[in-house]
Amino acid sequence: MALVDIKVPDIGDFAEVAVIELMVKVGDSIKVDQSILTVESDKASMEIPSSHAGVVKEIKVAVGGKVKEGSIVLSLEVAGDAAVSATASAPAAAVAAPAPAVQAAPAAAATAVVASGPVEVKIPDIGDFKDVSVIEILVKVGDNIKVEQSLMTVESDKAAMEIPSSAAGVLKELKVKLGDKVNIGDLIAILEGVGVATTPAASVAAPAAAPQAVAAPVGAVASAAPAAAVPAHAPTSNTLNMPHASPSVRKFARELGVPLAEVKGSGQKGRITEQDIQQFTKSVMSGAIQTIAAQATNTPAKGVNAGGDLGGMTLLPWPKVDFTKFGPVERKDLSRIKKISGANLHRNWVMIPHVTNHDNADITELEAFRVQMNKENEKAGIKTTMLAFVIKAVVSALKKFPDFNASLDGDQLVYKQYYNIGFAADTPNGLVVPVLKDADKKGIFQISAEMGELSKKARDGKLGGGDMQGGCISISSLGGIGGRYFHPIINAPEVAILGLSKSVMEPVWNGSEFKPRLMLPLSLSYDHRVIDGAAAARFNAYLGQVLSDYRRILL
Ligand code: CAO
């Protein structure tokens, strides 16, 4: 074991940057390249990674303190001795990645020019970063851009940085859009010079002294422009309003769809922390606050996809996109069934705490029996599918586990003493769930025949209201189509739904050898307010046993 000092690497021309966040604490085991703190200048925030793996023994900086290249930030206990000399000799190389982030601003400043014709603005030297994403565009066509004004923010997984303009002029064209990936030298904007500042022509023309400068106007690379000729950094109102947040916090906000500009930062100088994002999300969800976008579209929720107030939850509004901007489109009304089933599915998904238990049933023997039965009854026109056998097996499981045959009614559970099984049927107009009544009193052939009738009625759009009422549990069988396991949505007020996927032959270990067995995937979603995980696992396991040895149904 040895103690290693972790130092701030080369962070370019900046003398000092502020520590805005500590990402580790004493006692933490950290990995090589793990981010240990976030530092920030006025143009970039970046996470400083550790050059070594080990256990944090001491933190030598505090939030609000200033650090510069070479400042010791941590004392780390690492295994072995080799690491000690590695730290001493090459700290910068180990953490080189963030350094170019802060170089972007000074590099651009050095290349500042004012042109009279069209001027190309390119991504300056951003060091080793490749394919960084454009996450914010801070200007629009027609804006009068000053030298060094931030045009956009780009982000890698370790740093977020603003890309400043290398020239002044009116923005004629933006060559990138949100989400684009950019690299050093990529053209991002075209300005038309309006002579805002007067950079001497001689300094515009001198190319050789600035090999780093890539943000240059067409035909003219500025170098070493005298400081007096380059306007001092003058942040625009956009820049001033830009929320300060580290790259990881920005990423977190994006994942949750949180508009950063609306979050009040509680960190130093109003910096937004991860807790601020969490708090904002909680407030939106509880209805305590509304996003600006939601306020702008604060009309009553309409249609199955509308956001708005749903059981006390205020949701973000549905994104409004003009699809015709991207290509030809055709509009069709949702079918009546889709509108009704969509609204039901949405309510059930949001209001029921679903969990899905997946299992397999070995149906090798049962399938052989089914095929044999179908052969024998072919002439009589009787055909059974696996679903009829599963319906009977589910009845048996409901008898053994009555909680699955219950419904929540306020603080009470209503236990049903009948066994009506709904089955999802795919129709040209959408999904419907006819209910096969009194399945416990019917044999497989009768169940098959009734299922056939109900499915036909469903496809012909002739199901009556009574055909779809009174269900105890539903089965959604995608076995005839394909797929492996899914997460069916419970059909309220039922408390469970069984999903069946396509059965496939699999090698199954029988204790001494692998044997090919036909396995049916079972996906049981249950309402966790009523059913515990263990009960669901038992229900599914029991169902599997019955399906693998159908004689158990008699027990
Ligand atoms: N594994 C392998 N094959 C299966 C199977 C399974 N689990 N389940 C059925 N099959 C086979 C059948 O044996 C039949 O084969 P044959 O053509 O050789 O006879 C074929 O698949 C078609 O079966 P089917 O779908 O016509 O009959 P079914 O009794 O299995 O299902 C019905 C009837 C109405 C449930 C079904 O047609 C249907 O609409 N399924 C879709 C349900 C749905 O959309 N669910 C999603 C709801 S949630 O979004």
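## Helix 11 and its surroundings

Ala-397 sits in helix 11. The model described here is predicted. Ala-397 has a relative accessible area of 0%, so it is buried. Beyond its neighbours within four places in sequence, Ala-397 touches Phe-539, Tyr-542 and Leu-543. Phe-539 lies 142 residues away from Ala-397 in sequence, but the two C-alpha atoms are 6.4 Å apart in space.

Helix 11 itself is largely enclosed by the rest of the structure, because 13 of its 15 residues are buried. Its length agrees with expectation: at 1.5 Å a residue the 15 residues should span 21 Å, and the end C-alpha atoms are 21 Å apart.

### Helix 13

The contacts of Ala-397 lead to helix 13. Helix 13 covers residues 533-548, which makes 16 residues. From first C-alpha to last, helix 13 reaches 23 Å, close to the 22 Å expected at 1.5 Å a residue.

Which residues of helix 13 are buried? They are Ala-536, Phe-539, Asn-540, Tyr-542, Leu-543, Gly-544, Val-546 and Leu-547. The three contacts of Ala-397, namely Phe-539, Tyr-542 and Leu-543, appear in that buried set. The cover over the buried residues of helix 13 includes two helices, helix 10 (364-376) and helix 11 (386-400). It also includes strand 20 (354-362), strand 27 (473-477), strand 28 (496-500) and strand 30 (514-527).

### Aromatic residues

The model holds seven aromatic pairs. One of them joins Phe-369 and Phe-389: the ring centres are 6.2 Å apart and the planes stand at 75°, so the pair is edge-to-face. This pair links distant parts of the chain, with Phe-369 in helix 10 and Phe-389 in helix 11, 20 residues apart. Is each partner buried or partly exposed? Phe-369 is partly exposed, because its relative accessibility is 43%. Phe-389 is buried, because its relative accessibility is 3%.

Phe-401 and Phe-404 also pair. Their ring centres are 6.4 Å apart and their planes meet at 80°, over the 60 degrees that marks edge-to-face, so this pair is edge-to-face too. Phe-401 and Phe-404 are both buried. They form one aromatic cluster with Phe-539 and Tyr-542. Phe-539 and Tyr-542 are among the buried residues of helix 13, and both are in contact with Ala-397.

A charged side chain also meets a ring. Lys-399 lies over the face of Tyr-419, 5.4 Å from the ring centre.

### Helix 11 against helix 12

Two packed helices are described by the angle between their axes and the distance between the axes. For helix 11 and helix 12 (residues 444-459), the angle is about 120° and the axes are 9 Å apart. The crossing is right-handed. Helix 11 contributes Leu-387, Ala-388, Phe-389, Ile-391 and Lys-392 to the contact. Helix 12 contributes Ile-444, Ile-447, Ser-448 and Met-451. Phe-389 thus serves in this contact and in the aromatic pair with Phe-369.

Ser-448 lies in helix 12. Ser-448 is buried, because its relative accessibility is 12%, under the 20% limit. What does Ser-448 contact, leaving aside its neighbours within four places in sequence? Its partners are Lys-383, Thr-384, Thr-385 and Ala-388. Ala-388 is one of the helix 11 residues that make the helix contact.

### Backbone exceptions

Most residues other than glycine have a negative phi, and most peptide bonds are trans. Two aspartates depart from the rule on phi. Asp-33 has a positive phi, and so does Asp-438. The table sets them side by side.

| Residue | Phi | Place | Relative accessible area |
|---|---|---|---|
| Asp-33 | about 80° | loop between strand 3 (29-30) and strand 4 (35-40) | 42% |
| Asp-438 | near 50° | loop between strand 26 (435-436) and helix 12 | 29% |

Asp-33 is partly exposed at 42%. Asp-438 is partly exposed at 29%. The loop that holds Asp-438 runs between strand 26 and helix 12, and helix 12 packs with helix 11.

The peptide bond between Ala-492 and Pro-493 is cis, with omega of about 10°. Pro-493 lies in the loop between strand 27 and strand 28. Strand 27 and strand 28 are among the elements that cover the buried residues of helix 13.

Definitions and conventions
Residues numbered from 1 in each chain as written. Predicted model: local features only at pLDDT ≥ 70, side-chain atom pairs only at ≥ 80, totals over all residues. Heavy atoms only, no water. Helix = DSSP H or I, 4+ residues; strand = E, 2+ residues; numbered from the N terminus. Expected span 1.5 Å × (residues − 1). Buried < 20%, exposed > 50% of the residue type's maximum accessible area, 1.4 Å probe, protein only. Contact = heavy atoms within 4.5 Å. Phe/Tyr/Trp six-rings, centres within 6.5 Å; stacked < 30°, edge-to-face > 60°. Lys NZ or Arg CZ within 6 Å of the ring centre and 35° of its normal. Axes fitted to C-alpha atoms, helices over the stretch in contact; angles between N-to-C directions. Left-handed = near helix turned anticlockwise from the far one by under 90°.
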